[in-house]
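Visitor: I'd like to learn how to read the place where two domains meet. Can you walk me through it?

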Amino acid sequence: MDGSFRIGRLFGIPVMIHFTFLLIIPIFAWLIGTDISYTVSMVSDLFHIQIDDQLITQGYIPYLLGFVIACGLFLGVFIHELAHSLIARRAGITINSITLLFFGGVASIDDRETDPRVEFWMALAGPAMSLVLGLISAALLYATPFLFNDPAIAGMVMYTCGYLAILNILLFIFNLLPAFPMDGGRVLRAYLALRMPLHKATSIASTVGKGFAVIFGLIGLVIFSPILILIAFFIYIGAGQESDVTRYKFLLRDVTTKEIMSRPVISVQPGMPLTEVISLMYQTKHLGFPVIDRGYLAGIITLDDLSRVSSIDRDAMQVKDTMTSDVITLTPDAPVFDALRIMTEYNIGRIPVIENGSVIGIITKSDIFTVMELREM
Ligand SMILES: [Zn+2]
């Protein structure tokens, strides 16, 4: 993810921090510090305890405690992600990284088809860990009076533990809501996927997820909570994307590149004038051609490459002057889903198919979508 940097490895998993995360810690510290007397009474009411607040409300201490709580919250989020990752890894799934962002953590897990039974436990592990952390924090709160003699210091520790207990238990509840792609939604999808094909289960879970996103968004608007609106937005987008990806994967399963590539390939030579390429585009209605030099692929030229050149220069230029020479290629046996993933990732419309060094076909995004439409029927 852009804007992330690596801070180390834990259990062999790279741990990344996104720069927005560094901004949110001081903001949280400030927010918590500002209305500390309110949250002190909230913690003492919820846990039925007396908190000595002599030190808590003095000078900079509210902000210092705010900082400790903010760091504790994100440590909790990190351990939550780690729980998902370790369960996934035990099932043989690769964990690319864990990234801490301003709204929480994201574990980047290899998205190969996951067994619903594995996904069920994997999704459940995170919220379960949050619950455990919440209970540990609450236990520490009750143990504090026995550990510290000074009631003012004990008060600070109890407040911090109590606040963290509440936050972790909120994380537990919030993540278990069946709002796909949040954890609860993944649990729901895994449950459904044991009873129906994965793409159907995903589609139902993502519809439920979108419903929750709309509800969150409306509540966010009514109570004017920008964070809730943002979360609603992420859930809505995430649910749609994941549902599309699973559907494409299902429709394109066991289709290889050679089955749907176009052949023979219309290609051009590096020395062809650009004006000729344009008339070839009009003739063939193709918007890109591989460039072949003495039998080998030298590059690819597309409408995008042509439109980068001004129309005056086009008259004097040849294919080799503006073609893209760094070409991504596929083998005939590559799954078509990979082709679609690469096209989406690099924002390209066509990929040449190569066998023994020569171009044997070309696969385009519109061909892939046509095949999906046909298979959907
Ligand atoms: Zn989670």
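Visitor: How many residue pairs are in polar contact between domain 1 and domain 2?

Guide: A polar contact is a pair of N or O atoms within 3.5 Å; within protein, one must be able to donate a hydrogen and the other to accept it, and residues adjacent in sequence count only if both atoms are side-chain atoms. Here the count is 0 pairs, with both residues required to be at pLDDT 80 or more. pLDDT is the predictor's confidence in each residue, from 0 to 100.

Guide: This is a predicted model, where local features need pLDDT of at least 70, side-chain atom pairs count only at pLDDT 80 or more, and totals for chains, interfaces and linings use all residues. Numbering starts from 1 along each chain as its sequence is written, and side-chain values use heavy atoms, leaving out hydrogens and water.

Visitor: Where do the two domains run?

Guide: Bounds come from an automatic or database domain assignment. It gives domain 1 as 4-251 and domain 2 as 257-376, and their C-alpha centres lie 45 Å apart.

Visitor: What area is buried between domain 1 and domain 2?

Guide: The size of an interface is often given as the accessible area lost when the parts come together. Buried area uses a 1.4 Å probe and is summed over both parts. For this pair it's about 600 Å², with carbon and sulfur atoms giving 70%. Tyr248, Lys249 and Leu251 supply 79% of what domain 1 buries against domain 2, more than any other three residues.

Visitor: Which peptide bond is cis?

Guide: Most residues other than glycine have a negative phi, and most peptide bonds are trans. The bond from Arg263 to Pro264 is cis, with omega near -5°. Lys285 has a positive phi, near 60°.

Visitor: What is the mean pLDDT of the chain?

Guide: The mean is 84, and 97% of the residues reach 70 or more.

Note on methods. Buried area is the accessible area (1.4 Å probe) that two parts lose on being put together, summed over both.
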